Amino acid sequence: MDARDWDQRYAETELMWSATPNRFVEGSLSELRPGRALDLACGEGRNAIWLAGRGWTVTALDFSRVALDKGRTLVMRHPRGRDLKVEWVHGDALTHPLGREAYDLVVVAYLQLPEEQRYTAVRRAFDSLAPGGTFFLVAHDSVNLTHGTGGPQDPEVLYTAEDVLGDLDGERFEVVRAEAVERPVPTEDGSTRTAVDALVHLVRLQ
């Protein structure tokens, strides 16, 4: 899907994703000392806004102008909206300049791409980190297609934590966590099903 397709998808609903942060982003990053963060392919900005609420200065980048506009609206509605430091940037995660200053944190949430494009996005995200910075990725895992629920049904854009570590072969980092994780998904009938995500949490070494 290209930017126009995503613009249309975002325009069809008031809010495509939750206004609250991803459960793994919140659970894993809440203790980090705030600094400069990049939310790559931020969508409507739920993770960017949460980080800004915790004191981070956030660059939120996405190629959908509609999604970015919705993120700006969420900030305006936020009780502390005037205090939140979020820069909304329209651009492609694969090509847009990520700035000259290194980030203390990069979040990549559910950026589902074919292998070659994923490699580019992962390397660019990691390269934008300062030494000691945190790389955090969560995505629909390959096994979700057969053992989970929801998410893309195209195996070409699904991947594992091991795939992401392979993308970063040759780089120096400490692995905090790299594995498949389960996420409960509520259904219309009130029950809960399970999705399987790939989670990669790294710290870039000096």
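## Arg123 and its partner Glu171

Let's start with Arg123, which is buried, with a relative accessible area of 17%. In this predicted model, the side chain of Arg123 meets that of Glu171 in a salt bridge, 2.9 Å from N to O. Arg123 lies in helix 5 and Glu171 in the loop between helix 7 and strand 6 (173–186), so the pair ties together parts that are 48 residues apart in sequence. The two ends of this bridge fall into separate classes of exposure: Glu171 has 23% relative accessibility and therefore counts as partly exposed, while Arg123 counts as buried.

## Two further salt bridges

Helix 5 has another charged residue to look at. Arg118 forms a salt bridge with Asp167, and the closest N and O atoms are 2.7 Å apart. Since Arg118 belongs to helix 5 (residues 115–127) and Asp167 to helix 7 (residues 161–167), this pair ties together parts that are 49 residues apart in sequence. Here both partners are covered: Arg118 counts as buried because its relative accessibility is 7%, and Asp167 counts as buried because its value is 5%.

Elsewhere, Lys70 forms a salt bridge with Glu44, with 2.9 Å between the closest N and O atoms. This pair, too, links distant parts of the chain, 26 residues apart: Lys70 is in helix 4 (residues 65–77), and Glu44 is in the loop between strand 1 and helix 3. Lys70 and Glu44 are both buried. As a general point, side chains of opposite charge can pair when their charged atoms come close. The structure holds six salt bridges, counted over the whole model.

## Strand 1 and its neighbours

Now to the sheet. Four of the five residues of strand 1 (residues 36–40) are buried, so this strand is largely enclosed by the rest of the structure. Strand 1 pairs with strand 2 (residues 57–62) in the parallel sense, over five bridges. One register point is handy for finding your way in the viewer: Asp39 has Ala60 of strand 2 as its bridge partner.

Strand 1 also runs parallel to strand 4 (residues 103–109), and four bridges join these two strands. On that side, Ala37 has Leu105 of strand 4 as its bridge partner. In a regular strand, the side chains alternate between the two faces of the sheet.

## Helix 3 and the crossover

Strand 1, helix 3 (residues 46–53) and strand 2 together make a right-handed β-α-β unit. The helix in this unit is mostly covered, with seven of its eight residues buried. The buried residues of helix 3 are Arg46, Asn47, Ala48, Ile49, Trp50, Leu51 and Ala52.

What lies over them? The cover on the buried residues of helix 3 includes helix 2 (23–29), strand 1, strand 2, helix 4, strand 3 (85–90) and strand 4. Both strands of the β-α-β unit are thus among the elements that cover its helix. Just after helix 3, Gly55 takes a positive phi of about 105°.

## Ala198 in strand 7

Further along the chain, Ala198 lies in strand 7 (residues 192–204). Ala198 is buried, as its relative accessible area is 0%. Which residues does Ala198 contact, leaving aside its neighbours within four places in sequence? They are Leu137, Val138, Ala139, His140, Asp141, Tyr159, Thr160, Ala161 and Glu179.

For a sense of distance across the model, take Ala198 and His78. The C-alpha atoms of these two residues are 30 Å apart in space, and the residues are 120 apart in sequence.

## The overall fold

Stepping back, the protein has seven helices and seven strands. Read from the N terminus, the elements run α-α-β-α-β-α-β-β-α-β-α-α-β-β. Contacts between residues 24 or more positions apart make up 70% of those with a separation of 6 or more.

The radius of gyration is 16 Å, which agrees with the value near 17 Å that a compact globule of 206 residues would have. Along its principal axes, the C-alpha trace spans about 45 × 45 × 30 Å. Of the 206 residues, 46% count as buried. The accessible surface comes to about 10900 Å², and carbon and sulfur atoms account for 47% of it.

Methods: Residues numbered from 1 in each chain as written. Predicted model: local features only at pLDDT ≥ 70, side-chain atom pairs only at ≥ 80, totals over all residues. Heavy atoms only, no water. Buried < 20%, exposed > 50% of the residue type's maximum accessible area, 1.4 Å probe, protein only. Pairing = 2+ DSSP bridges. Right-handed = clockwise from strand over helix to strand, strands pointing away. Rg over C-alpha atoms; globule rule 2.2 N^0.38 Å. Contact = heavy atoms within 4.5 Å. Areas by Shrake-Rupley, 256 points an atom, 1.4 Å probe, with all protein chains shown as cover. Salt bridge = Lys/Arg side-chain N within 4 Å of Asp/Glu carboxyl O.
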